[in-house]
Amino acid sequence: MPMLGGIPGHPKSKVLLTGGTGFIASHILDHLLECGFDVVVTARSQVKGERILASIANAPNVVNTVGCKVTYAVVDNIAQPGAFDEVIKTNLPLHYCIHTASPYQLSFSDPVYDCLRPAIDGTLFLLTSLQQHASSSLIRVVFTSSSAAILNPPNHRPVYDESSWPDDETLNWDLAKDPSAPGDTTYRASKKFAEQAAWNFMEEHHPSWDLATINNTYTFGPLPRSLEVTDGGECKVNTSNERIVDCLTGKWSERIPPTAPVFTCVDVRDVAVAHVRAMTRPEAGGKRFYVVGGYFCNAGIAGVVHGMCRADRDGGREAEKGKEVEMCQQCVKFDDLPENHWMFDNTRSKRVLGLECRKMDESVVDTVRSLRGMGIGEGNPQIAGHWDYDEGTLPN
C-alpha cells in the first residue's frame, strides 16, 4: 500500500482521476480512497458525478478512518481545448493525475471525430493544462493505455512485453479512419496513437513531472457500485465482462462461442492496484507496464459459472463464497486456446509494481456474485453441452 500522503510535507496528496464513472476508474477510485488520497473525479455530466458521490456515501467502508475527500467536476467533452483548465485551476495543489477517460466502442459513423481525435486530443489537452497550471505541485501522470498499444495482430510476435508496439503497416491512420475497417481497428489505433502522443509530449516539453502508462489486457472483475448496469432493460457492462453476462444469462445455450481474438485477461482490482502503485513508486516513472494476469477461454468461463451453479445446488448459496469453485469439465472440453499462442512477459509489472494477479476463476466468481447482486443472471443458465439444465438435472 502506498505511503499515506504520497510526498513529504503533505498530510494528504490529491489525485485528479479522469473518466471517473468508467469500469476501471471506479475501482481505481476505491483503491485511492483505501490508500488515503483525496480525489477529484471528472464526469461527463452532473448526474454521473452525483452518482459517484452517492455510491461512496452508500458504502462507507470504502473510505477509511483518514477521512478522504472526494469531489467531482463536469468535463463534458475532453476533446475541446482547455477542457481540463477549470478543474485543474480550482483544485490546486494537485500531486498526481490518472487519466482513464477515452472513447470506447467498436463502430463509428465518423472514426476520426468519434474516437481518434477525442482519444489523442483529450490526452494532449490534459497534459497541456497540467503543465500550464499544476507543474509546481504535480509529481506524476498515469495514463490508462491498453494491450492494444502492444499487440500486433494478425502478425503476432512470439513474446510481448513493454517494448512492443503495433507495426505501422498493420495499424495506421488510413486504416483507422475508414468507417468500414474491420472489428476494433479504430479503437486499437486510438489507444496506440494516444499513448504515442503522450510520450511525444513528454519528450518535446520536458515537464517537471513524469509519466507512466498501464497497458492492461481484457479486464474482468466485479462491477463497481457507481456503474449504471442497465439501459432500457438491457444489461450494460464493459466489453470484457459481456462474455460472463452472456454465459450467465443463457446466451451460450446453443454453443460456447469462440474466444478469439484475445486469450489473455486480468482482474480489474489488480489493474486498479497497478495504477496506484505506478503513481506512487518512484522507480515506475517513465515506464510502460504490460498488466496481464494469465490466459483464459470462453469454455473456462462457462466451466466456472457451471461450477458455481453446481455448488448452489449441492451446498446452497454459502458454497459460492468459498475460495475454490470446481470447474465443470464438460465445459472445459471446449477449450479453444491455441497450442502455439503467443506468450506474454509481465516481469516489469511484477518487479517494479510488486503485482501478483488473481487467477481467472476467482475473477469470474466475483464477477458473477456482483452481477447477481444487481439482479443479473439469477438462477441456473443453460450452457451448451448440458441438456435439461436445471437444479434437478445438473450433471454430476
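**Exercise 1. Placing Pro207**

In which loop is the place of Pro207? Work out its surroundings and whether Pro207 is buried or exposed.

*Solution.* This is a predicted model, in which local features need pLDDT of at least 70, side-chain atom pairs count only at pLDDT 80 or more, and totals for chains, interfaces and linings use all residues. Residues are numbered from 1 along each chain as its sequence is written, and side-chain values use heavy atoms, with hydrogens and water left out.

Step 1. Pro207 lies in the loop between α6 and β7 (210-216), where helices (H or I, at least four residues) and strands (E, at least two) are DSSP runs numbered from the N terminus.

Step 2. With a relative accessibility of 15%, Pro207 counts as buried; buried means under 20% relative accessible area, exposed over 50%, and partly exposed in between (1.4 Å probe, protein chains only).

Step 3. Setting aside residues up to four places away in sequence, Pro207 touches Gln131 and Met202, a contact being heavy atoms within 4.5 Å. Pro207 and Gln131 are 76 residues apart along the chain, yet 6.6 Å separates their C-alpha atoms.

**Exercise 2. Describing helix α6**

Find how far helix α6 reaches and how many of its residues are buried.

*Solution.* Step 1. Helix α6 covers residues 185-205, 21 residues in total, and spans 30 Å from its first C-alpha to its last, close to the 30 Å expected at 1.5 Å a residue; the expected span is 1.5 Å times one less than the number of residues.

Step 2. Since 16 of the 21 residues of α6 are buried, the helix is largely enclosed by the rest of the structure.

Step 3. After α6 comes His206, which has a positive phi, near 45 degrees.

**Exercise 3. Looking into the core**

Identify the residues with the most contacts inside the largest nonpolar core, and the helix that supplies its largest share.

*Solution.* Step 1. The largest nonpolar core has 37 residues, and Leu29, Leu32, Met279 and Phe289 have the most contacts inside it; such a core is a set of buried Ala, Val, Leu, Ile, Met, Phe, Trp, Tyr and Cys residues joined through side-chain atoms within 4.5 Å.

Step 2. Helix α8 (residues 268-280) contributes the largest share of this core, 8 residues.

Step 3. Leaving out neighbours within four places in sequence, Phe289 is in contact with several residues, among them Ala212, Ile214, Ala278, Val352 and Leu353.

**Exercise 4. Comparing two salt bridges**

For the pairs Asp121 with Arg117 and Arg369 with Asp366, give the distance and the setting of each partner.

*Solution.* Step 1. The structure holds 13 salt bridges, each being a side-chain nitrogen of Lys or Arg within 4 Å of a carboxyl oxygen of Asp or Glu.

Step 2. In the pair of Asp121 and Arg117, the closest N and O atoms are 2.8 Å apart. These residues are about one helical turn apart, because they stand 4 residues from each other in helix α4 (residues 111-133). Asp121 is buried, at 15% relative accessible area, whereas Arg117 is partly exposed, at 32%.

Step 3. Arg369 and Asp366 meet at 2.9 Å, N to O. Arg369 is partly exposed, with 28% relative accessibility, while Asp366 is buried, with a relative accessible area of 13%. Through salt bridges that share partners, Asp267, Arg269, Asp366 and Arg369 are joined into one network.
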